[in-house]
Amino acid sequence: MSGSGAAVHSLAFRVMRLCRPSFQVDLPLRVDPVDFIVGEDFFDGGQSAADLSVVLSQERGGDEGFWRRFELEDPCDAVGLSGLLVLPQTFGSIYLGETFCSYISVGNHTNFDVRDVAIKAEIQTDRQRVVLVDNSKAPIDSISGGGRYDFIIEHDIKELGPHTLVCMAAYTDPEGERKYLPQYFKFVASNPLSVRTKVRTVKVS
């Protein structure tokens, strides 16, 4: 999610929506090298599996790791699933009734410490404003240069239409100046169901 904030600040918010990961799919097509080296009638002449290994070793040559980069070592490799899970790279869609869950990181992108960091996060809609996090009564003592402070928020989506996640931070910079940083992250909650009605008039004969 991208946020807006024109002023130059020591801190910056980053937001990543937490949802189910997807499987990583390998794009290269894996093949069985036997199909390119020997024919279908290779074993008809009495050759054994050991003979096949000798032929393969002669054909490979060079860097075996590079040669085998597309080799189909297991039938499951043909599916293209590597067994790894990938976190979503985009926000995706969110629907009414879902729980909006996000990982928020506020990072100090300078080489200097900032002090007395008060953080507030809230969800705003056309009808309401819900405060999710507010540590203004007990602010963070400091965030060191290059450091960050992370937290997770959750909110049940009960309204359709535009939503705005507002992340705010008030802090004291190295010069002793008190600064205020707001960032806005917008998304739209959609309706998961679509009901259509059709009226048909039946003529009485």
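Here are five short exercises on the structure above, which is a predicted model, each with a worked solution.

**Exercise 1. Getting your bearings**

Find how many helices and strands the chain has, and in what order they run.

*Solution.* Start with the tally: the chain holds three helices and 11 strands. Next, walk along from the N terminus, where the order reads β-β-α-α-α-β-β-β-β-β-β-β-β-β. Now turn to the contacts between residues at least 6 apart in sequence: 74% of them join residues at least 24 apart. Finally, look at the outside and the inside. The accessible surface is about 14,300 Å², and carbon and sulfur atoms account for 52% of that area. Of the 205 residues in the chain, 27% are buried.

**Exercise 2. Into the core**

Work out which residues have the most contacts inside the largest nonpolar core, and which strand supplies the largest share of this core.

*Solution.* A general tendency helps first: in soluble globular proteins, nonpolar side chains tend to be buried together. In this model, the largest nonpolar core has 26 residues, and those with the most contacts inside it are Leu11, Phe13, Phe100, Ile104, Val117 and Leu165. Then ask where the core residues come from. Strands E1 (11-17), E5 (99-108), E6 (114-124), E8 (140-143), E9 (148-156), E10 (161-172) and E11 (178-190) each supply at least two of them. The largest share, five residues, belongs to E6.

As a last step, zoom in on phenylalanine 13. Beyond its neighbours within four places in sequence, its contacts include Ile104, Val106, Ile119, Cys167, Leu181 and Phe185.

**Exercise 3. The partners of E6**

List the pairings of E6 with E7, E8 and E10, and give the number of bridges for each.

*Solution.* Take the partners one at a time.

- E7 (residues 129-134) pairs with E6 in the antiparallel sense over five bridges. Within this pairing, lysine 120 stands opposite aspartate 134 in E7. A hairpin of four residues links E6 to E7.
- E8 is also antiparallel to E6, with three bridges between them. Here valine 114 has isoleucine 143 in E8 as its bridge partner.
- E10 runs antiparallel to E6, and eight bridges join them. Look for glutamate 122, which stands opposite valine 166 in E10.

**Exercise 4. A proline in a loop**

Locate proline 174, decide whether it is buried, partly exposed or exposed, and find what it touches.

*Solution.* First, the place: proline 174 sits in the loop between E10 and E11. Second, the exposure: its relative accessible area is 43%, so proline 174 is partly exposed. Third, the contacts: leaving out neighbours within four places in sequence, proline 174 touches Phe112 and Asp113. To see how the chain brings two of these residues together, compare sequence with space. Proline 174 and phenylalanine 112 are 62 residues apart in sequence, while their C-alpha atoms are 6.6 Å apart.

**Exercise 5. Looking for disulfides**

Find out how many disulfides the structure has, then explain why cysteine 19 and cysteine 101 do not form one.

*Solution.* Recall that a disulfide is a covalent bond between the sulfur atoms of two cysteines. A search of the whole structure turns up zero of them. For cysteine 19, the closest cysteine sulfur is in cysteine 101, 9.3 Å away, so the two are too far apart for a bond. The cut-off in this step is 2.5 Å between the sulfur atoms. To finish, check the surroundings of each: cysteine 19 is partly exposed at 33% relative accessibility, whereas cysteine 101 is buried with a relative accessible area of 12%.

Methods:
Residues are numbered from 1 along each chain as its sequence is written. This is a predicted model: local features need pLDDT of at least 70, side-chain atom pairs count only at pLDDT 80 or more; totals for chains, interfaces and linings use all residues. Side-chain values use heavy atoms; hydrogens and water are left out. A nonpolar core is a set of buried Ala, Val, Leu, Ile, Met, Phe, Trp, Tyr and Cys residues joined through side-chain atoms within 4.5 Å. Buried means under 20% relative accessible area, exposed over 50%, partly exposed in between (1.4 Å probe, protein chains only). Helices (H or I, at least four residues) and strands (E, at least two) are DSSP runs, numbered from the N terminus. Contact means heavy atoms within 4.5 Å. Accessible areas come from the Shrake-Rupley method with a 1.4 Å probe; for residues, only the protein chains shown count as cover. Two strands pair if DSSP finds at least two bridges between them.
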